[in-house]
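Here is a short walk through one structure. Keep the sequence and the 3D view at hand as you read.

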Amino acid sequence: MAAPFPVTPNRTPAEEFVRLGEERFRQIADAAPVMIWLAGTDKLCTYVNKRCLEFTGQSLEHDVGNGWLDNVHPDDVKRCVEEYELYFDRRQTFRMEYRMRRYDGQYRWIIDSGAPRYNEDGSFAGYIGSALDVTERKLAEESQARLAAIVESSEDAIISKTLDGIITSWNTGAQHLFGYTSEEVIGRPITSIIPPELRDEERKILAKVKSGEPAQHFETVRVTKAGKKVNVSLGISPIRDATGKIVGAAKIARDITQRKSAERELINVRRRLAYAQEEERARIGRELHDDINQRLAMLAIEIDQLQIHFPKSAAVRNRRLTDLKQRLIDASGGVQALSHQLHPAQLQYLGLVGSMRSFCRDFSERQGIKLDFTAEHIPDVPDDLSLSFFRVVQEAMHNAAKHGEAQQIKVSLSSSSTELQLTISDNGKGFDPNEAMAHEGLGLISMRERMRLIGGAIAIQSAAGGGTTIRVTAPLRTGEQSHVNP
Ligand SMILES: Nc1ncnc2c1ncn2[C@@H]1O[C@H](COP(=O)(O)OP(=O)(O)OP(=O)(O)O)[C@@H](O)[C@H]1O
Ligand SMILES: [Mg+2]
């Protein structure tokens with residue numbers, strides 16, 4: 001037993017007790033800053049020192065005998081008694097932890113160490129013990145255990161290293177991310193997860209940590225045990241010892257490979273959309289040039305001819321003029337159709353609900369599909385939202401007719417105070433949305449992109465033979481409107 005008893009260094013309380021004799025021992029023990037107790041051969045307590053009485057707030061009369069057990073936490077009493085008796089009967093030293101009520105009613109964690117003591121003739125005289133309040137230490141241990149559990153359960157890699165870059169801790173997240181177990185890397189240099197071309201980066205990081213820079217965050221590349229490169233976002237901060245001296249660095253690494261590849265995918269999609277827009281412009285340019293322009297040029301030539309060879313017969317004149325008028329009307333219709341494709345002007349004067357209704361009606365007539373359009377409580381919708389929702393309806397309906405061969409389409413527009421919602425369901429063939437996204441078509445991709453630009457969301461539900469439902473939602477904002485391509 002190594003209980004602190006500052007009477008004579010290097011002697012245990014039991015030895016001290018023998019050396020001093022009981023009376024003198026009690027006098028010295030009463031001045032000691034630790035709790036000290038004595039028990040007789042019958043296990044009953046015969047004495048507790050002043051420090052004990054100060055701690056429990058009880059009298060000596062109360063604490064002797066079995067009285068001290070009154071102060072022990074009810075949940076700990078049974079275990080305490082059992083352990084005490086067990087060791088006592090074997091005349092062995094013991095060390096037990098339990099909660100004891102302090103004078104202020106608060107239960108404190110105590111470490112109680114006991115040892116048998118003997119008379120000068122060697123006969124057993126009972127026990128002597130000392131007790132320490134270890135609550136603070138226990139709380140610190142608990143909070144450390146809590147922190148350790150948090151670190152362990154984190155999906156992020158959490159690593160600590162010395163200022164020389166030697167790994168000192170390595171959680172499960174680090175094992176998952178980098179493939180090394182903690183046994184493989186603790187004590188080894190952190191450079192094993194740094195690609196050779198980035199070793200200089202590590203030197204700079206450590207220099208900053210040493211200089212006391214509070215925390216650094218950046219994105220970089222690390223390498224796994226299998227040699228695979230991973231994009232990571234890193235957070236690095238200094239670790240200080242109890243005196244405040246910087247002794248190492250803590251590092252949190254998060255795998256952002258997926259995010260990076262999503263970013264690349266987005267750039268790819270944007271490029272495709274930009275290219276498609278260029279193509280669309282080229283198509284419209286060709287149509288204006290090759291079709292409408294030709295038709296207008298022909299009309300000009302024929303009007304010229306009419307001027308030169310003005311028909312004498314009123315009937316011929318009439319026929320020629322009627323023909324010219326009809327072709328002018330056709331050309332004008334062509335221009336109008338083109339301009340509608342470029343920008344649905346009716347959104348401005350009919351509003352979103354009116355434009356959708358009119359589009360649904362035309363679409364239903366042209367395609368011979370049954371269309372059911374409903375709109376409920378739609379407030380004034382900002383232009384960019386109107387245009388995006390209108391384009392989604394156009395594309396979804398074209399897809400339903402072209403790919404789904406649907407007989408019926410239901411379009412419903414609704415809103416809450418914060419959100420605009422649109423659902424388009426068809427009873428067509430259905431498809432696999434994940435597979436479709438990977439194909440060349442741009443309809444679904446541009447729906448998604450449009451929703452992203454206005455902070456909205458899109459969900460596509462479809463299954464072979466089960467029809468398709470597309471649901472888009474977007475926040476209704478007031479104030480500034482962002483620009484969206486037609
Ligand atoms: N309502 C639907 N019913 C059945 N299949 C659909 C439906 N909507 C989309 N698809 C499938 O998803 C694919 C992708 O659609 P998307 O609109 O992105 O491209 P697209 O229509 O083929 O080409 P684009 O829209 O660029 O002219 C379609 O080729 C089709 O196979
Ligand atoms: Mg399409």
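Start with Arg108, which is buried at a relative accessible area of 9%. Keep in mind that this is a predicted model. Arg108 has a charged partner, Asp133. The two side chains meet in a salt bridge, with N and O 2.9 Å apart. Where do Asp133 and Arg108 sit in the chain? Asp133 belongs to strand β5 (residues 124-133), and Arg108 to strand β4 (residues 107-118). They are 25 residues apart, and the pair links distant parts of the chain. The partner is not buried like Arg108: Asp133 has 31% relative accessibility and counts as partly exposed, because only values under 20% count as buried.

In general, side chains of opposite charge can pair when their charged atoms come close. How many salt bridges are there in this model? The count comes to 28. Two more of them are worth a visit, and both lie in helix α10, which covers residues 257-308.

The first stop there is Arg259. Arg259 forms a salt bridge with Glu263, and their closest N and O atoms are 3.4 Å apart. The two residues are four places apart in α10, so about one helical turn separates them. Arg259 is partly exposed, at a relative accessible area of 39%. Glu263 is partly exposed too, at 35% relative accessibility.

Now move along to Asp291. The side chain of Asp291 meets that of Arg295 in a salt bridge, at 2.9 Å from N to O. Again the spacing is four residues in α10, and so about one helical turn lies between Asp291 and Arg295. Asp291 has a relative accessible area of 31%, which makes it partly exposed. Arg295 is partly exposed as well, at 29% relative accessibility. Elsewhere, salt bridges go beyond a single pair: Asp76, Arg79, Glu83 and Arg99 are joined into one network by bridges that share partners.

Next come two helices that pack together. Helix α12 runs over residues 346-367, and helix α13 over residues 383-402. Their axes are 10 Å apart. The angle between them is about 5°. The cut-off for roughly parallel is under 35 degrees, so α12 and α13 are roughly parallel to each other. Which residues make the contact? From α12 come, among others, Leu352, Met356, Phe359 and Phe363. From α13 come residues including Leu387, Phe390, Val393 and Met397. The residues of this contact divide into 12 nonpolar, seven polar and one charged.

Stay with α13, for this helix also holds a metal site. The magnesium ion, ligand 2, is coordinated by Glu395 through OE and by Asn399 through OD1. The distances are 2.0 to 2.2 Å. Glu395 and Asn399 are four residues apart in α13, so they are separated by about one helical turn. Are these two residues buried or exposed? Glu395 is partly exposed, with a relative accessible area of 25%. Asn399 is buried, with a relative accessible area of 17%.

Two loops come next, and both hold a backbone feature. Most residues other than glycine have a negative phi. Arg91 has a positive one, near 60°. Arg91 is found in the loop between α5 (74-90) and β3 (94-101). At 34% relative accessibility, Arg91 counts as partly exposed. His377 also has a positive phi, near 40°. The loop that holds His377 lies between β11 (370-375) and α13. His377 is exposed, with a relative accessible area of 69%, since values over 50% count as exposed.

The last stop is Gln175, in helix α7 (residues 172-178). Gln175 is partly exposed, at 32% relative accessibility. What does Gln175 touch, leaving out residues up to four places away in sequence? The contacts are Trp170, Tyr180, Thr181 and Ser182. Met447 is another matter: Gln175 and Met447 are 272 residues apart along the chain, and their C-alpha atoms are separated by 40 Å.

Note on methods: Residues numbered from 1 in each chain as written. Chains lettered and ligands numbered in written order. Predicted model: local features only at pLDDT ≥ 70, side-chain atom pairs only at ≥ 80, totals over all residues. Heavy atoms only, no water. Axes fitted to C-alpha atoms, helices over the stretch in contact; angles between N-to-C directions. Parallel < 35°, antiparallel > 145°, perpendicular 65-115°, else oblique. Contact = heavy atoms within 4.5 Å. Nonpolar A, V, L, I, M, F, W, Y, C, P; charged D, E, K, R; others polar. Salt bridge = Lys/Arg side-chain N within 4 Å of Asp/Glu carboxyl O. Buried < 20%, exposed > 50% of the residue type's maximum accessible area, 1.4 Å probe, protein only. Donors = N, O, S within 2.8 Å, 3.2 Å for Na, K, Ca; no water.
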